[in-house]
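Biologist: I'm new to this one, so could you walk me through it? Let's look at it together first.

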Amino acid sequence: MPQCGSKKMGWLRGLCVGALQGKVASEQQSLRDAFTQLQEFLQEQKDVLLSQLDQVHEELNLERCRYTASISERETLLDTLIVEIERKCDQPMVEFLMDVGKTLDRCEAAKTPIPEPVSPGLERTLERLFKSSQMLTDMMAEFKVSLLSNIDRERVEVRLDPETASPYLNLSKDCKTVRLASGEQELHDNPKRFTGSPSVLGSKGFTAGRHYWDLEVGHGDSWAVGVAVESVQRKDSLSRALKKIWALRLDWNGQYTALHMPPTALELNQELRKIRVHLDYEGGQVTFCNAENMMQILQFKATFTEKVFPYFWLWSQETYIHLCA
């Protein structure tokens with residue numbers, strides 16, 4: 001009997017696993033269908049808007065050609081009139097008076113208003129299309145933020161670790177904001193504390209999983225945010241610690257830099273205020289996004305074998321770094 005019971009339990013477990021596998025397969029297909037429908041819808045909307053913009057572009061070209069032709073025709077008429085009037089000035093008075101009516105008629109024709117470069121109707125169409133395009137762009141940005149916020153639930157609350165803070169940094173009481181101190185503070189030195197650079201770590205490190213945190217920076221420059229491994233050099237200058245730091249930095253000259261070894265200048269045409277740092281430990285990725293529109297700024301590839309901590313560097317009294325709740 002015990003053997004029969006064991007077989008029955010194994011059979012039931014097999015049924016459960018089979019049912020779960022079927023459910024996973026069903027969810028996979030549902031997800032594929034949902035993304036396919038979304039892609040088809042977006043492609044359809046893109047085609048419609050681009051087609052309308054193409055049509056308006058063609059109409060603008062036609063109106064430009066008509067306007068250019070009108071200007072050219074008016075210039076030719078005026079040049080002809082000038083030559084004709086100059087010639088008539090040399091004629092006897094009687095002949096001049098006999099032809100002056102025709103000349104005046106042609107002068108009146110030259111005063112006819114030239115049509116506007118762009119017709120009012122086309123201007124209204126352009127304005128409507130521009131509004132639709134901007135609305136769609138804004139909605140897509142909001143959709144991305146909403147989707148990532150609802151799917152990616154690996155958000156962590158990060159606080160600054162006072163034991164690691166450089167003597168040149170001031171931490172708020174809640175350990176959520178860091179500013180540059182007016183001078184070097186008298187702090188108890190310990191192996192954790194940064195003394196070679198104005199740096200500080202987060203109080204919690206990670207040895208597995210996917211995690212992200214949001215932060216805000218002030219309008220000033222000379223800041224860096226990212227991650228560092230536990231063995232990062234703390235008593236040496238920042239340049240000697242770069243192999244173990246993966247960060248985004250805004251330099252004193254307004255240049256954004258990918259801060260690792262070697263540092264690499266980035267082509268960014270936007271001022272970053274809110275930043276999301278995402279750590280994928282097993283995947284070996286550190287990703288930075290503009291938290292206001294979820295556009296990716298920078299991504300590092302790495303291999304982590306030790307604990308990874310949020311990392312912050314600040315060297316300007318004109319700005320701050322604040323960890324968002």
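**A buried strand residue and some ring pairs**

Modeller: Sure, and keep in mind that this is a predicted model. Let's start with Ile321, which is buried at a relative accessible area of 2%.

Biologist: Which strand does Ile321 lie in?

Modeller: We know that Ile321 is buried. As for its place in the chain, the run to look at covers residues 321-323, and that is strand 13.

Biologist: How far apart in space are Ile321 and Arg179, C-alpha to C-alpha?

Modeller: In sequence, the two are 142 residues apart. Beyond its neighbours within four places in sequence, Ile321 is in contact with residues including Lys176, Thr177 and Val178. Going C-alpha to C-alpha, Ile321 and Arg179 are apart in space by 6.9 Å.

Biologist: On to the rings. How are Tyr168 and Trp315 arranged, stacked or edge-to-face?

Modeller: There are 7 aromatic pairs by the rule used here. For Tyr168 and Trp315, the ring centres are 5.8 Å apart and the planes sit at 80 degrees. Planes over 60 degrees apart get one particular label, so this pair is edge-to-face.

Biologist: How many residues apart are Tyr168 and Trp315?

Modeller: Tyr168 is in the loop between helix 3 and strand 1. Trp315 is in the loop between strand 12 and strand 13. The pair links distant parts of the chain, and the separation is 147 residues.

Biologist: Is Trp315 buried or partly exposed?

Modeller: Its partner Tyr168 has a relative accessible area of 30% and is partly exposed. Trp315 comes out at 45% relative accessibility, so it counts as partly exposed.

Key. Residues numbered from 1 in each chain as written. Predicted model: local features only at pLDDT ≥ 70, side-chain atom pairs only at ≥ 80, totals over all residues. Heavy atoms only, no water. Helix = DSSP H or I, 4+ residues; strand = E, 2+ residues; numbered from the N terminus. Buried < 20%, exposed > 50% of the residue type's maximum accessible area, 1.4 Å probe, protein only. Contact = heavy atoms within 4.5 Å. Phe/Tyr/Trp six-rings, centres within 6.5 Å; stacked < 30°, edge-to-face > 60°.
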